[in-house]
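Dear colleague,

I am handing over a structure for you to look at, and below it I set out what was found. Please keep it open beside this email as you read.

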Amino acid sequence: MSAFLVRGGRIVGPTSSSIGDVLVHDGVIVEVSESISLPSGCMEIDARGCWVGPGLVDLHAHLREPGREAAETIESGARAGAIGGFTALVAMPNTEPALDNVALVSYVLERGARTPLDVAVAGAITVGRKGESLAPMAEMAALGVRLFTDDGIGVQDPSLMRRALTYARPLGVRLAQHCEDELLAAGGSMNEGEVSGRLGLIGRPALAEELMVMRDIELVRLTGAPLHFLHLSTLRSVQLVNSARRDGLPVTCEVAPHHFTLDETSCQGFDPLFKVHPPLRSAIDVDAIREAVRRGLVDAVATDHAPHAPELKDLPFDEAPAGMLGLEYSASLTFEALGDDPDPVLFFSLLSRGPARIAQLRREDDRVRHDAHGGDIVAGDDANLVIFDPGARWTASNANLHSRATNSPYDGRDLKGQVRTTIAKGKLVVNEAVLV
Amino acid sequence: MITSIRGQNLLTLEGMSEGALLEVLDTAESFVEVNRRTIKKVPALKGRVVASIFFEESTRTRLSFETAAKRLSADVLSLAVASSSVKKGESLRDTTATIDALGIDAVVMRHQSSGAALQVSRYVPHVRVINAGDGLHQHPTQGLLDAFTIRQVLSERKGSSGVESGLEMFKGLRVLIVGDIRHSRVARSDIWAYATLGCDVRVAAPGTLLPANIETWPVTVVSNFDEALEWADVVGLLRLQRERGSGSFVPSLEEFTQTFGLTLARAKRLGPSTIIMHPGPMNRGVEIDSKVADQVNAVITRQVANGVPVRMAVLYLALAGVREGGAS
């Protein structure tokens, strides 16, 4: 079916929201008004009591293909994303081999095009993500790559990072940094602090992250190239980026749901499900990150969706790989973080419009292959829409995940708000919270 | 709060109640006598199977546990998983399942990763897990035998038995722990046991060998090591964990010895009755002078000897009240 009438929802625009109907036809929003009569042959979707906004955009999804298909594939990741309300995902380049050349980027784009979602690619900054020499960013940019990162690890060498920024600037692309100084992080497996000291686990200090944020802010000041800070996890990091922003520097940042919902005490049971880089921080930092989300001090919430095969999460804590699933519960966890009187405009700013702007997936950006995302819900826009029910109450369950992997730390957690419907590239992908 | 290890796992001494500690000490006391008999065996765990799995090399702890199990008449399955033969990356769950399939009641395990014993206890809830040392985290039976040894020595001086003495001697007892606290699972067990028993616990170490946020621990960090030696009733030395990379946390072993080693000169500051302890194996000449290690007040070999009755007590209590066939 290619025509839908979304009826009676709160339509959330970029600055305000109002109750009304949205008519979609042939992949495009054709009418938005207070009341639209149902055309013949058109499916009606009841959105009363729900928020209707632009489809969510994830800046940070590890889709594991190629190389670790036992954990996730582009197809399974897209299904998990659709359930989570996403219409566009940015696939991270730390695959095996890394997405550091046009052949591999093309492969992922082609695989992504077979899924119901838009799958964009973040290319590697350095060859093999080894932090030694620049990857062919201009060639990848010509394929439409707009973000580059070595995520999983930051570019450690300041000279190389400076060169990468200088090289990237005229390409009109944005670099994104995983900020952790690995020498200071010392191979640690959780946040350094009271808990790590007692558990006898080597800690990754907050300073390992903050030092690289400081360094890179100064490199942005020097080069003028835009930089996106991935998954910031400390109060100081967010303060630093906002201070740089006030200085007029072209910096943006994201935070991940686990950093505003779980603190370091979660590691007390030595369960590798709670191991992630940057690590789950102190309660003070967790509260600060949630407050930053609520006050709109971050540009995006991004999942850092990191599937791992179950046998790898059965290793001892210090040997297990870092990372946890994120796509399916991100919208609900973000909604909950917004407090008792959640602002729908902020919700869609964090989960759709902000990330779409950073990934250059909006209408005003020069698009290559991709639909427009993070739009204003106006006639003429591509139909990438999500219907979110703020009144829903449900429970996370690792038995019901759509990812191939099951390494979610939220099993059994009560959730507020739920994605009811996802319309991606004009097609109904999720309805009544199940895949169509 | 763990109020008794009866029928329970022994994974950590953090959060173990005074009563639970007393129960182990008193039970161990009753096994001391067994070890003095000509026939050193009681039938307490006859028919029970105790597996001993050491993922990390150890001689004394393994021998001590296996001796303890055999003196209780348990069958011992000793699995040779020397770290060299265990492929790094093998799932802990798979290894555990293999061992469990042999039919065991308890597993004594040592692993180089902190938390490994707790993880294993989740995979085999029907098997009692005794932590014989996990990474930098805990070495609970060492903490128990250290407390047992202190009680034994102080009771003997009073001419009474440990059981009669109860826990009174621990109240306000001045214990100084010296050395590589950061990388020591022994320190993490000793400190919690001593603090729970009411000791005044202080630690002395180079700043780099203190764990993160030690100010939240029930200890005082001393600023003057020499004065602290004069203050102490008990001095517990720790091995400098060179194999865990702690060598790079101090400029040199010589400098460590100069500043925090119990040298002959420094040992003169100790009171005449101060007890000197070391969990072994010692780096003679590094954290402790060879002559000091052999002084009368050094109870290092007594610690080793007490390992057997204390581990007998732990195995006995952990398996007590567990029905034939396994599940409690």
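To begin with how chain B is organised, it is divided into domain 1, which covers 18-138 + 307-319, and domain 2, which covers 140-304. Please bear in mind throughout that this is a predicted model. Taken over C-alpha atoms, the centres of domain 1 of chain B and domain 2 of chain B are separated by 25 Å.

Turning to where these two domains meet, 21 residues of domain 1 of chain B are in contact with 21 residues of domain 2 of chain B. On the side of domain 1 of chain B that touches domain 2 of chain B, the elements giving two or more residues are helix H1 (18-32), strand S4 (128-134) and helix H12 (300-319) of chain B. Among these, H1(B) gives the most, with eight residues. If you sort the residues of that side of domain 1 of chain B by character, you will find nine nonpolar, six polar and six charged.

The other meeting place to look at is the one between the chains, where 22 residues of chain B are in contact with 19 residues of chain A. The side of chain B that touches chain A receives at least two residues from each of helix H3 (92-100), helix H4 (116-123) and helix H7 (185-196) of chain B, and the largest share, three residues, comes from H4(B). By character, the residues of this side of chain B divide into seven nonpolar, 11 polar and four charged.

With best wishes

Definitions and conventions: Residues numbered from 1 in each chain as written. Chains lettered and ligands numbered in written order. Predicted model: local features only at pLDDT ≥ 70, side-chain atom pairs only at ≥ 80, totals over all residues. Contact = placed C-beta atoms within 7 Å. Helix = DSSP H or I, 4+ residues; strand = E, 2+ residues; numbered from the N terminus. Nonpolar A, V, L, I, M, F, W, Y, C, P; charged D, E, K, R; others polar. Domains from an automatic or database assignment.
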